[in-house]
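The following report describes the domains, the nonpolar cores and one helix packing of a protein chain. Please read it alongside the structure.

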Amino acid sequence: MIGSIIIKIAFLGIIVSLGAYYLSFRNQNQKFLTYARAGYHTAVVGLMIASAILMYLILTHQFQYTYVWSYSSTTLPTGLLAASFWAGQEGSFLLWALLAGLVGVFLMSYSTNKGYEGQLMFVYSMIVGVLLLMLIVKDPFMRVWQSFPGQVEAGFIPPDGRGMNPLLQNYWMVIHPPILFVGFAAMGATYAFAVAALLKKDYTHWVRPATPWFAFGVLSLGLGIMLGGYWAYETLGWGGYWAWDPVENSSLVPWLIGLAALHTMLAQRRSGAFVRTNLVLGILTFVLVLYSTFLTRSGVLGATSVHSFVEPGWMAYILLLSFIIFFGGFGLLLLFVRMREMPSVPIEYNYISREFALFLGAASLIFIALFTIVGTSSPIITNLIKGQVSAVDISFYEQTTTPFGIAVAFLAGFAQILWWKSSKTRTILKNMLPALIIGAAATGVMIAFGLSTIMMILLTFAAWFVLIVNIQIAYKIGRGNPSFVGGAVAHIGVGLLFLGFITTAMYDRQQTIQLVQGEPVEALGYKLTYTGYTPAGHERWAFNVTAERNGRTINLAPVMYQSDFNNSLIRNPDIVNRLTFDFYLAPLGLDTKEIEGVAGSTHILNRGIAMAYEDYSITFVGFDMDSDRHMMGSSNEMVIGVILDVTYDGKTERVVPEVVNRAGEMDFRPGMTADAKLQFNVQSIRPDQDNPDRSSVSVEIIKGGTKLASSGPARTQDVLIVEASIQPFINLVWLGTIVAIIGLIITIVRRSREARPKDQEAWG
Amino acid sequence: MNTKTIVAGVIIVIFLIFGAWSFLESNVEYTDFQSAYETGRTVQVEGTWVEEKGERYNADLNEFTFYMADKNGQVVRVVLEGPRPNNFEIATSVVARGRFAAEDEFRSTNVLTKCPSKYEGSAEEMMGASDKQYYE
């Protein structure tokens, strides 16, 4: 209740800020700035209080609030409980609004001394205002009786919440969304710069103060995307870090546009060209962020996306659509009106100039973005054209983006060697020579190791080229002026990333394997043995697999469980991380297999009395009624473990075959020794309540081979089906990301220094 | 118009045609068995599992075989290259992606199952939770 009121107060603050900022630049009157800032700060403080309230409600389990009930529960650990703040639509928008608001505080002080505050913050306030409007409509502070009127009595407090979607229950959920939303907020700032430039009729100087913000947007959104990729790889078991899923694609598109703009802005600073291009790209950044949100949150992709995390809502659909039209229309109309008065500087038509290379590189990035957005929107496009929803295959993305990826990689090296305006062909060739030679040699080696298609060979060569060239340049610049090294370092990261993409895409090997319990299977250089499952807490099950390679044994425990939340089987992979590769084990399912021709002998074991069986000595120690022995998914069954001590060659080990009583029906689960030589099937149990020492069991003992059978009518063995894969040099992807981020940080520092007013000509 | 503009224009048009061609080529349509058989293309067919005809997982080939009826009621044997899909038994409908390998065999690379979902919270669920609490 109080939360909703605070959201409305914050919205009023933004309205004040909007009006006052408008008046400040309309009337050239500084006086209005005081009101505008007060209004903006009111909104930010309001968002902070509202967020604190929601966090408090979640942490104290106030389930009478629909949002708290929908996305959290008493069983969540604290970190995930806090993260349920942004597990649903309303909370996500609150987080986005909060982070956008806070980023705006920095933007305000940044723009003040650059004479930009009025126009810039006017536009930026619209963005924060629209997010607040969304929160008024999709109120995170609804009570359950308001959400379900007539069905739930007023004052009713549900005893527990529904909990979090199990796909989200991971520590990446704690950090990935906030970083992504900082990226979204930064893309709001880049939009604000472009539109403010149009309002101010300053089409040339704006790129200077805007550059660090574009770099910041590329950095934060890029980091958010990569963290999402790592999450998918490490937890969701998609088998890779990139699956061209709509959720991933839709944030990739604004990132590519921001990246293209960052490069054409550099060209504009030098040559004055790309005036309109930069304004359009600046406007598109935020419009595409909105479109991304629209695709993933409105349910418009429907059945074609398996991974839409948030339930659709018509209100969100219409609101987001109108936001896209509003921000896109406002920016582009303004651009159209101002078009005639813009200076027209032609693109430098010297083909071997840095400007031209930057232009081609940016154009390639834009093409990648275009094809990605077309592919991602294919359900909408096919629905409009044919009235039938269908999606493109992943091959579409690979086919269309690879040629442009090659161009991007090659140009990211080539442009670095070129001088502005023009370069001498001889000098260029001389500078390129080491990269060309090393690149060709390395590509030759990779061809020898099985690289085949022309496209991949070209991409590999381009990737080595960009890497070597930029190492050269970074070394050269780094010795002179280290603060200018950002671009070269970022492009070293790009080279590493491309190499990682190639090794993981072209050299990965995968195999679907059936692991019969206790029977080792050779696969991908590992000897894999499934040893059985153990409880992993919260009704989850870890499937233990030992992987042996070069005499070293590692235990892997991928997790699989049936989730009540969305009625689906959740599968988490397990990974062995090595310097040059990852060994990736994703569980697919547990099956049973009938076995024939195994016979054993049945023996009666009295408690505490050792029985000799060939070279073994077997003692029945007692029953184990531990509740942990409950089987997957079912609670109305009782499991009794029969504890046997097996001594062989002076060593004693404990084996516990089980009896399952499922509503009167008995089922038996065998146990076996660690070397799988001896197997025990319980046939019947005779517990003695009065004198436990006189209990006895009847056990079938099977020797030889590694067969595992269960007694009773059908003899079956558990078969764990896994997909094992080798991801070679996947560490290059993570390393490339880190290096690129370091490069971007150096760039941001340099470009914000350059944007200081004292360093430059009049701002107007 | 100068030559450069024309060359640039032609290059862009070529890229766009290439994109459009790829789009049509890789577009996986939702359709029924009849047209999937006629076109021979990779498609997605939505339908239901014919339970009476059973299902079988061949662990050695890693193939899961079942019979599926599409919306026209045409029943076709579907061979999925992989293990039994999640929640196969309780699914209200299944979507098989693949193509006809023979007249009587639809070879599928991926089968999605659609289940009665509890994804969205309902008032009954909330009350249900309270009932449980009450009885415990």
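In this predicted model, chain A is divided into three domains, whose bounds are set out below.

| Domain of chain A | Residues |
|---|---|
| Domain 1 | 1-166 |
| Domain 2 | 509-595 + 721-727 |
| Domain 3 | 601-708 |

Between the C-alpha centres of domain 1 of chain A and domain 3 of chain A the distance is 60 Å. The secondary structure of chain A comprises 19 helices and 21 strands, and of its 764 residues 50% are buried. Among the contacts in chain A with a separation of 6 or more, 70% join residues that are 24 or more positions apart.

The largest nonpolar core contains 191 residues, and those with the most contacts inside it are A97(A) and L131(A). Helix α8 (residues 172-200) of chain A contributes the most to this core, giving 18 residues. Apart from this core lies another, of 29 residues, which includes F543(A), F583(A), L585(A) and A724(A).

Leaving aside residues up to four places away in sequence, L131(A) touches F93(A), W96(A), A97(A) and A100(A). Helix α5 (residues 89-112) of chain A packs against helix α6 (residues 117-137) of chain A at an angle of about 170°, and their axes are 10 Å apart. Because angles over 145 degrees count as roughly antiparallel, α5(A) is roughly antiparallel to α6(A). Residues making the contact include F93(A), W96(A), A97(A) and A100(A) of α5(A), together with Y124(A), I127(A), V128(A) and L131(A) of α6(A). By type, the residues of the contact of α5(A) with α6(A) comprise 16 nonpolar, four polar and one charged.

Note on methods
Residues numbered from 1 in each chain as written. Chains lettered and ligands numbered in written order. Predicted model: local features only at pLDDT ≥ 70, side-chain atom pairs only at ≥ 80, totals over all residues. Domains from an automatic or database assignment. Core = buried A, V, L, I, M, F, W, Y, C linked by C-beta atoms within 7 Å. Buried ≥ 20, exposed ≤ 12 C-beta atoms within 10 Å, placed from the backbone. Helix = DSSP H or I, 4+ residues; strand = E, 2+ residues; numbered from the N terminus. Contact = placed C-beta atoms within 7 Å. Axes fitted to C-alpha atoms, helices over the stretch in contact; angles between N-to-C directions. Parallel < 35°, antiparallel > 145°, perpendicular 65-115°, else oblique. Nonpolar A, V, L, I, M, F, W, Y, C, P; charged D, E, K, R; others polar.
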